[in-house]
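Work through the exercises below with the sequence and the model side by side. Try each task before reading its solution.

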Amino acid sequence: IKEDFEIIDKKQIPNTTELKNEEKEKTEEARWSAPILSLAKKASENLALSYGNALKSASLVGFISKPVSNDSTAKTSARCHAMEERANLMNMMKLSIKILIQSALSLGRTLDSDFPPLQQFFVVLEHCLKHGLKVKKTFIGQNKSFFGPLELVEKLCPEASDIATSVKNLPELKTAIGRGRAWLYLALMQKKLADYLKVLLDHKHLLSEFYEPDALMMEEEGAVIVGLLVGLNVIDANLCLKGEDLDSQVGVIDFSLYLKETQDSDGKQDGGITAVLDQKHYVEELNRHLSCTVADLQNKIDCLEKTNSKLQEELAAATDRIGSLQEEQQQLKQQNELIRERSEKSVEVTKEDTKVELDTYKQSRQGLDEMYSDVWKQLKEEKKIRLELEKELELQIGMKTEMEIAMKLLEKDTHEKQDTLVALRQQLEEVKAINLQMFHKSQNAECSLQQKAEAISSFEGKTNEMMSSMKQMEERLQHAEKARQAAEERCNKMKQELAGRLDTCRQQMSQMDSKCSTLEKELKSEKEQRQTLQRELHQEKDATTLLKTELQQMEGLKKELRKLQDEKQQLEKVCEEQEQALQEMGLHLSQSKLKMEDIKEVNKALKGHTWLKDDEATHCKQCEKEFSISRRKHHCRNCGDIFCNTCSSNELALPSYPKPVRVCDTCHTLLLQRCSSNSS
């Protein structure tokens, strides 16, 4: 159904007084319900026709046996049925978008997912996207979802990659239908739903894999729906995908939103008057919406001014707090420096004292170690001397025992020699007696005497030898006695020397015992000093622990200082963010002022623009060339003036027209500037 302005004679248009009276009689619900009811009636008629045709085609195909030549009629009926379905879906899309925009403008806030017109819009859009989808057979079964063509947008438009990744990362979505619904939600929130679908329509050769040739997305109705979706950029949607079961939602269109009960009019009016009234109501609704938007913008400006004043007050309070915190920080820094100086001084003093005490302790310890080592060396030397003396005593005792044994042996030898001397004397006496006997007998026998004289001479030699041996033995006895006497003297001397040495050793041992006692006393005193030094060390350790605790407290103070600095930085960041927010609020204010100016210009244009008749214009308004058979008249759908073909060759989609319509050059430039400013 093409909507266009209709030129009506002035005679058919009723007076302004009559129109005002009628407007007063009609309530606001009647104003809203008149255009919506007309569109709903058209949609219901189209639906009834489509269902009737579908029933007819089903009855013709299922129950009546026709010859083969009637295939062309079945194809034409199927085409007509598809065209009717497309027209019905397009009309329902128009209705849902119109009611959604009107309800959003009347509410003047962002829309949630629980808003019924928004839910019905998504249901209708889902039906449009499902129209003519091809059934794909997989291993699981048949798959028929509209998420497949939506995935192509990521390849064709890289800006849609964020939506695709976020939809894939949602763990709650398990089916392709749920992912497709989530994709539509996110695209609407980004205000790029129309752009993404336009990119899809520009690549119909890719869509042919998913849709039948007579599907809505493959025909002109898809472009019309994309043009209608551009108007949704006015709406701010805040849709929460978490917690919603998008997989199991049932997409049923609720016609109760589009149909309202109205009081029956007294009589049927002419078609021209109803059209004019519809146009008039539409313009009034636009004006009312614009005034509402102006009031909303003014309220927003007031709110922004209030928030700006509050933010300035908060800024002042924050600056005061920052100043107080800086003063506290300076005081804490001063206290920290004083504590640090005191702690450093105390640490230095304690370090110097400990160093001095350690030096003295080391020096005393070195002296005591040297004394101890000297005494220990003396003890070792005395022990060695004592051992040597004991060894000498043992040797001397052994020598004495040996001498006594030798004396005993000598005494035994002397006794034996005396016995031998006695025996030799007895032999001498016997020999003398024998000699005397022989001398007496010599006289008796001279021959035997001579012989015996020789024997006597030999015996005399022997006796002489024996005498010499006796003399030698006597000399030896004398020497032995002398040696014995000398040995006795030596023994006496050794005894005396040993007694003296024992006395000296005893004296030295007593001296060593006294020295050991003194050394033990010194060791006890050293132990006591060591214990005192250990106590002092413990005290110093306690002092160091106290100093460490103070240092830990200092570190805690440093951490508190860091925290305060971090808080200061956070406050500075908050101040910067507030300043940025103020700047953004200023930008929003400037943008809102620009929008206000644009709205005022639109109001002026709507109030001032009138639809010129063909008879009133003889020349082109822009180039001022005269119209003729070759140079024909064309109306600008924005301002209503008449132009030639060259001056009105541009086409744009207007809010009152779903399709791009003819617009003059000046309106074209103005509308493009507004679109660029709105997008920026």
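**Exercise 1. Decide whether Phe121 and Phe122 are buried or exposed, and then classify their ring pair.**

Solution. This is a predicted model, and in it Phe121 is buried, as is Phe122. The next step is to look at the geometry of the rings, whose centres are 5.5 Å apart and whose planes stand at 55°. Planes under 30 degrees apart would count as stacked and those over 60 as edge-to-face, so the pair of Phe121 and Phe122 is tilted. Finally, ring pairs join Phe121 and Phe122 with Tyr185 into a cluster.

**Exercise 2. Find a stacked pair of rings in helix α11 and say how exposed its two members are.**

Solution. The structure holds 4 aromatic pairs. One of them is made by Tyr372 and Trp376, whose ring centres are 6.3 Å apart with the planes at 15°, so that this pair is stacked. Both residues belong to helix α11, which covers residues 271–442, and they are separated by 4 residues, about one turn of the helix. For the exposure, recall that partly exposed covers the range between the limits of 20% and 50% relative accessible area; Tyr372, at 45%, therefore counts as partly exposed, and Trp376, at 40%, counts as partly exposed too.

**Exercise 3. Describe the largest nonpolar core: which residues touch the most other members, and which helices supply it?**

Solution. Begin with the membership, which comes to 59 residues, with Phe121, Trp183, Leu193 and Leu229 touching the most other members. Then trace the helices: α3 (71–107), α4 (116–130), α5 (147–156), α6 (161–169), α7 (176–189), α8 (193–202) and α10 (220–229) each give at least two residues to this core. The largest share is the 8 residues that come from α3. Apart from this core lies another one of 16 residues, including Ile642, Val661, Cys664 and Leu671. As background, nonpolar side chains in soluble globular proteins tend to be buried together.

**Exercise 4. Starting from Trp183, work out how α7 packs against α5 and against α6.**

Solution. Leaving aside residues up to four places away in sequence, Trp183 touches Phe147, Leu150, Val153, Ile163, Val167, Leu193 and Tyr196. Take α5 first: its axis lies 9 Å from that of α7, at an angle of about 45°, and the two helices are therefore oblique to each other. The crossing of α5 past α7 is left-handed. On the α5 side the contact is made by Phe147, Leu150 and Val153, and on the α7 side by Ala176, Arg179, Gly180, Trp183 and Leu184.

Now turn to α6, which packs with α7 at an angle of about 135°, the axes being 10 Å apart. That angle makes α6 oblique to α7, and α6 passes α7 in a right-handed crossing. Here Ile163, Ser166 and Val167 of α6 meet Arg179, Ala182, Trp183, Leu186 and Ala187 of α7.

**Exercise 5. Determine whether Arg86 is buried or exposed, list what it touches, and then examine α10.**

Solution. Arg86 is located in helix α3. Its relative accessible area is 7%, and because values under 20% count as buried, Arg86 is buried. Residues up to four places away in sequence are again not counted, and Arg86 then touches His131, Asp214, Ala215, Leu216, Glu219 and Glu221. Glu221 also appears among the buried residues of α10, which are Glu221, Gly222, Val224, Ile225, Val226, Leu228 and Leu229. Since 7 of the 10 residues of α10 are buried, this helix is largely enclosed by the rest of the structure.

**Exercise 6. How far apart are Lys333 and Leu561 in sequence and in space?**

Solution. Lys333 has its place in helix α11 and is partly exposed, with a relative accessible area of 39%. In sequence, Lys333 and Leu561 are 228 residues apart, while in space their C-alpha atoms are 8.1 Å apart. For the protein chain as a whole, residues 24 or more positions apart account for 72% of the contacts with a separation of 6 or more.

**Exercise 7. Summarise the chain: how many helices and strands does it have, and what percentage of its residues is buried?**

Solution. The protein chain has 13 helices and 6 strands. Of its 680 residues, 26% are buried.

Key: Residues numbered from 1 in each chain as written. Predicted model: local features only at pLDDT ≥ 70, side-chain atom pairs only at ≥ 80, totals over all residues. Heavy atoms only, no water. Core = buried A, V, L, I, M, F, W, Y, C linked by side-chain atoms within 4.5 Å. Buried < 20%, exposed > 50% of the residue type's maximum accessible area, 1.4 Å probe, protein only. Contact = heavy atoms within 4.5 Å. Phe/Tyr/Trp six-rings, centres within 6.5 Å; stacked < 30°, edge-to-face > 60°. Axes fitted to C-alpha atoms, helices over the stretch in contact; angles between N-to-C directions. Parallel < 35°, antiparallel > 145°, perpendicular 65-115°, else oblique. Left-handed = near helix turned anticlockwise from the far one by under 90°.
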